[in-house]
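Reader: Could you take me closely through one part of this model, and then connect that part with the packing and the local geometry elsewhere in the chain? I would welcome a single continuous account.

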Amino acid sequence: MDEMIEWRREFPILDKTVYLISHSLGAMPRQTRERLMEYADIWSSRGIRAWEEGWWEMPTTVGDLIGKIIGAGAGEVVMHQNVSIAQSTIASCFDWSKPPNKIVTEALNFTTNLYICHGLEKQGATISTVATDDGMTTPLGRMLEAIDRDTRLVVVSHVAFLSSFVQDLRAIVDRAHEVGAMVVGDLYQSAGTLPIDVKRLEIDFATGGSVKWLCGGPGAGYLYVRRDLWDKLEPSLTGWIAHEQPFGFEEGAIRYANNAFRFLNGTPNIPGMYAAKSGYEIINKIGVERIRDKSMAQTARLIQLAEEAGFKVNSPRDPAARGGTVVIDVPGADLVTQELLRRDFLVDFRPRAGIRISPHFYTKDEELELIIREIKKILK
C-alpha cells in the first residue's frame, strides 16, 4: 500500500483534476491558504513591528527548510524572489574583464540561466555551450573537456527541464575544482524529487525555486553559497539588506554582512515565503529518498505505458539518469496538451520536447493509465 497517497487530502486540486504537472507548478497544500492569512493578520495587527518579530529573519529561517532538503547547514540558504536574481547575484561576484573569464554551460540549461550567461559577454566573459546530440542528454565527456584552465564558472542544471536528464554534478564539480573553477548547480528540477547533498557534493553555489516539486508556489527562489566562500565574494548586485549594519544607513560603498545575508539585496518577498513554507515542511516530513523511490517506479511505468501506446518518449530510459518527468511526443502535441487541460488533465507542452508529464508523491498509479488513455482518445 502506498502510504504517501494519504497526503492527497492536503492538496485540494487533486480532488478534481488528474494533476501531473509538478515539474511546472506543484499542487498547493491546503495549509498555504492559512499561512497567507497569517501573513495578512500579522501585517494588519502588528504593522511595522512585524519586521522585528520574525519577518527580518525569514530569508534564512525559511531558507533553513530548503537547507534540510538539499543538505545545506543552518543559515546557508537565503531566499530570493526567483532564480534569475539568485544566478545574477552569483555572476556579479566576479570580474569578467580579464582571464579566467570563460563560462561553461550546456545547451539544455534553462533559458534564464543561458540568458544571464550571455549577458555577461558585454562585461568580457566568453561562453562555451556544450551541445546535445539527441536533444535529451549532455555528453559528460564533452562537458568535462570544455572545463579548462580558462574557466571561471560552470553553470549547469542538475536536471534538464526539456527531457528530465540527470547531469553528473559530482564529476562536473571535481573537474571544475581541478582547474580552479567554481560550479553553479540549478536544482529547480531536482530538489524535492531527487536527493541531493550540496555539502557532500562540495558544490560552490546552488539555486532553485519553489514553484515545482517543492509545492511552494511562485516568488520564493533560493541561493546556497558554500560557507568558506562567503568572505571571498562581494556581489555587485546588492542592496541595503546585504549591509553589515543595514539600519545604520551609511553612505558610500557597502560593508557586506558576515553571513549569508551578504548575498541578498533589496526588501525580501515576505508573502512569497509565507506561501512556500507548507510545501517545504511536507517534503521534509515525507523525505526526498522516499519520494525518489516512488518517482522512479511511476516514471518507469509511465514510459512503459507510453511505448505500448506507440508514443515517442523523449526522456532517458535509465532510471538513474532520469528525473521526475517523462516527456511524450505525439503528433500535434501542443494541441493535444490544450485539450488535456480542457479535460482537467494538467500537463504542459514544450517545443523541441513534447508533453511533459510528472507524477509526484501524491499521484495514484491509476492516474498514469488515465493520462495515456486520454491522449489516445484525443489523437483518435
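**A buried strand residue and its surroundings**

Author: Leaving aside its neighbours within four places in sequence, Val-184 is in contact with Gln-87, Ile-90, Leu-153, Val-154, Val-155, Val-156, Ile-203, Phe-205 and Thr-207. The model in which these contacts are found is a predicted one. Val-184 belongs to strand E6, and because its relative accessibility is 1%, under the 20% limit, the residue counts as buried. The C-alpha atom of Val-184 is separated by 5.5 Å from that of Ala-206, a residue 22 places away along the chain.

Strand E6 also appears in the surroundings of helix H4, which spans residues 111-119 and in which Thr-112, Asn-113, Leu-114, Ile-116 and Cys-117 are buried. The cover over these buried residues of H4 includes H3, E3, strand E4 (126-130), strand E5 (151-157) and strand E6 (182-186). Two of the elements just named, helix H3 (83-91) and strand E3 (102-106), are joined by a loop that holds Pro-100. The peptide bond leading from Pro-99 into Pro-100 is cis, with omega near -5°. Most residues other than glycine have a negative phi, and most peptide bonds are trans.

A departure in phi is found at Glu-202, where the angle is near 60°, a positive value in a residue other than glycine. Glu-202 is placed in the loop between helix H7 (198-201) and strand E7 (205-209), and with a relative accessibility of 44% it counts as partly exposed. Phe-249 likewise is not a glycine, although its phi is positive, at about 50°. This residue is found in the loop between strand E8 (221-225) and helix H8 (270-286).

The loop between E8 and H8 also contains His-243, which counts as buried because its relative accessibility is 9%, under the 20% limit. Not counting residues up to four places away in sequence, His-243 touches Glu-250, Ile-254, Arg-255, Tyr-256 and Ala-257. Phe-249, in contrast to this histidine, is exposed, with a relative accessible area of 58%.

The aromatic side chains offer another way through the model, which holds 17 aromatic pairs. In one of them, the ring centres of Phe-11 and Phe-361 are 5.8 Å apart and the ring planes stand at 65°, so the pair is edge-to-face. This pair links distant parts of the chain, since Phe-11 is in the segment before strand E1 (18-19) and Phe-361 is in the loop between strand E13 (354-357) and H11, 350 residues away. Phe-11 and Phe-361 are both buried. The rings of Trp-240 and Phe-249, by contrast, have planes at 20° with their centres 6.2 Å apart, so this pair is stacked. Trp-240 is partly exposed, at 33% relative accessible area.

Trp-240 and Phe-249 are also members of one aromatic cluster, whose other members are Tyr-39, Trp-43, Trp-51, Trp-55, Trp-56, Phe-247, Phe-261 and Tyr-274. A ring interaction of another kind is found at Tyr-188, where the charged end of Lys-212 sits over the ring, 4.9 Å from its centre.

Two members of the aromatic cluster, Tyr-39 and Tyr-274, lead on to the packing of helices. Helix H1 (residues 31-46) packs against H8 at an angle of about 150°, the axes being 9 Å apart, and the crossing of these two helices is right-handed. H1 contributes Gln-31, Thr-32, Arg-35, Leu-36, Glu-38, Tyr-39 and Ile-42 to the contact, while H8 contributes Ile-270, Pro-271, Tyr-274, Ala-275, Lys-277, Ser-278 and Glu-281. By class, seven of the residues in the contact of H1 with H8 are nonpolar, three are polar and four are charged.

Another helix pair is formed by H10 (residues 333-342) and H11 (residues 365-379), which pack at an angle of about 115° with their axes 10 Å apart. H10 passes H11 in a crossing that is right-handed. The contact brings Val-336, Glu-339 and Leu-340 of H10 against Ile-371, Glu-374, Ile-375, Ile-378 and Leu-379 of H11. The residues of this contact between H10 and H11 comprise six nonpolar and two charged ones, with no polar residue.

Definitions and conventions
Residues numbered from 1 in each chain as written. Predicted model: local features only at pLDDT ≥ 70, side-chain atom pairs only at ≥ 80, totals over all residues. Heavy atoms only, no water. Axes fitted to C-alpha atoms, helices over the stretch in contact; angles between N-to-C directions. Helix = DSSP H or I, 4+ residues; strand = E, 2+ residues; numbered from the N terminus. Left-handed = near helix turned anticlockwise from the far one by under 90°. Contact = heavy atoms within 4.5 Å. Nonpolar A, V, L, I, M, F, W, Y, C, P; charged D, E, K, R; others polar. Phe/Tyr/Trp six-rings, centres within 6.5 Å; stacked < 30°, edge-to-face > 60°. Buried < 20%, exposed > 50% of the residue type's maximum accessible area, 1.4 Å probe, protein only. Lys NZ or Arg CZ within 6 Å of the ring centre and 35° of its normal.
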